[in-house]
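Let's walk through this fold together, starting with a helix and moving on to the sheet. Please have a look at the model first.

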Amino acid sequence: MNGTALQDRPSASASWRIALPHSAAAVPVARALVRTALAELEHGADSDTAELLTAELVANAVEHTAGDAPIELVVELLPTGCQVEVHDPDPAPPGNLTRPVDIDPDPWQEHGRGLLLIRALSSSCGHRATESGKAVWFRLPVVPPQWRPA
C-alpha cells in the first residue's frame, strides 16, 4: 500500500487560533505554538518544516503590512495533515506565492526566499481574501511513521 495507512493517521481534528503582535516577537511565539500543537497530539506532520514555514509567513506579515493591527495565526490539525494560516490586514496578495518566478533569488541578499521555501516544502499553499485583509496558508501532509526521525 502506498502512502500512510489509515490506522497511522491521527483520528481527530484540532485547531488553534491566536492573535499575535504586529512585531518580530510574533515569530518565535508562532513557531512555539505550531511545535507544541504537533507534539501534544503526536501529530504526524513534520514539525521542523511546519515551524520554518510558519515563521516565514508570520515574518512576511509583519514586514509587509503597515500599522500595528494584530496578526492572527490559525493552526488546524487534520487526519491527513496540518494547515497553517496567517491572517493580516493587508488585502494585497503575497508576491509570488502561487506562481514561480523566472529568476533565482540573489544568494547575497537576506530576503527573497520565504515564498520559495513555502512553495517548495509544502504540499500546497495559497491565499484568500478575508473581511479584514487576507489569509496566507500552507498545508503539510502526515509523514508515515517509517519516515519520521527516531
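A residue is called buried here when its relative accessible area is under 20%. Keep in mind that this is a predicted model. With that cut-off, Gly-114, Leu-115 and Ile-118 are buried in helix H3, which spans residues 114-121. These residues lie on the same side of H3, because they cover an arc of only 95° around the axis. And what do the buried residues of H3 pack against? Their partners are helix H2 (47-64) and two strands, E4 (124-130) and E5 (133-141).

Those two strands lead us into the sheet. It is open and built from five strands, ordered E1-E2-E3-E5-E4, with antiparallel pairing. Strand E1 (14-20) and E4 are at the edges; each has a single partner strand, so one side of each is left without a neighbour in the sheet. On average, neighbouring strands are turned by 15° against each other, direction ignored. If you zoom in on E4 and E5, you will find seven bridges joining them in the antiparallel sense, and Ser-124 stands opposite Arg-139 in E5.

Helix H1 (residues 26-40) packs on this sheet, where it touches E1, strand E2 (71-78) and strand E3 (81-88). The direction of H1 makes about 15° with that of E2.

Finally, a word on the cysteines. Cys-82 counts as buried because its relative accessibility is 3%, and Cys-125, at 18% relative accessibility, counts as buried too. How many disulfides does a search of the whole structure find? The search finds zero.

Terms used
Residues are numbered from 1 along each chain as its sequence is written. This is a predicted model: local features need pLDDT of at least 70, side-chain atom pairs count only at pLDDT 80 or more; totals for chains, interfaces and linings use all residues. Side-chain values use heavy atoms; hydrogens and water are left out. Buried means under 20% relative accessible area, exposed over 50%, partly exposed in between (1.4 Å probe, protein chains only). Helices (H or I, at least four residues) and strands (E, at least two) are DSSP runs, numbered from the N terminus. The arc is that of the directions from the helix axis to the C-beta atoms. Contact means heavy atoms within 4.5 Å. A disulfide is a pair of cysteine sulfur atoms within 2.5 Å. Two strands pair if DSSP finds at least two bridges between them. Axes are lines fitted to C-alpha atoms, for helices over the stretch in contact, and angles run from 0 to 180 degrees between N-to-C directions.
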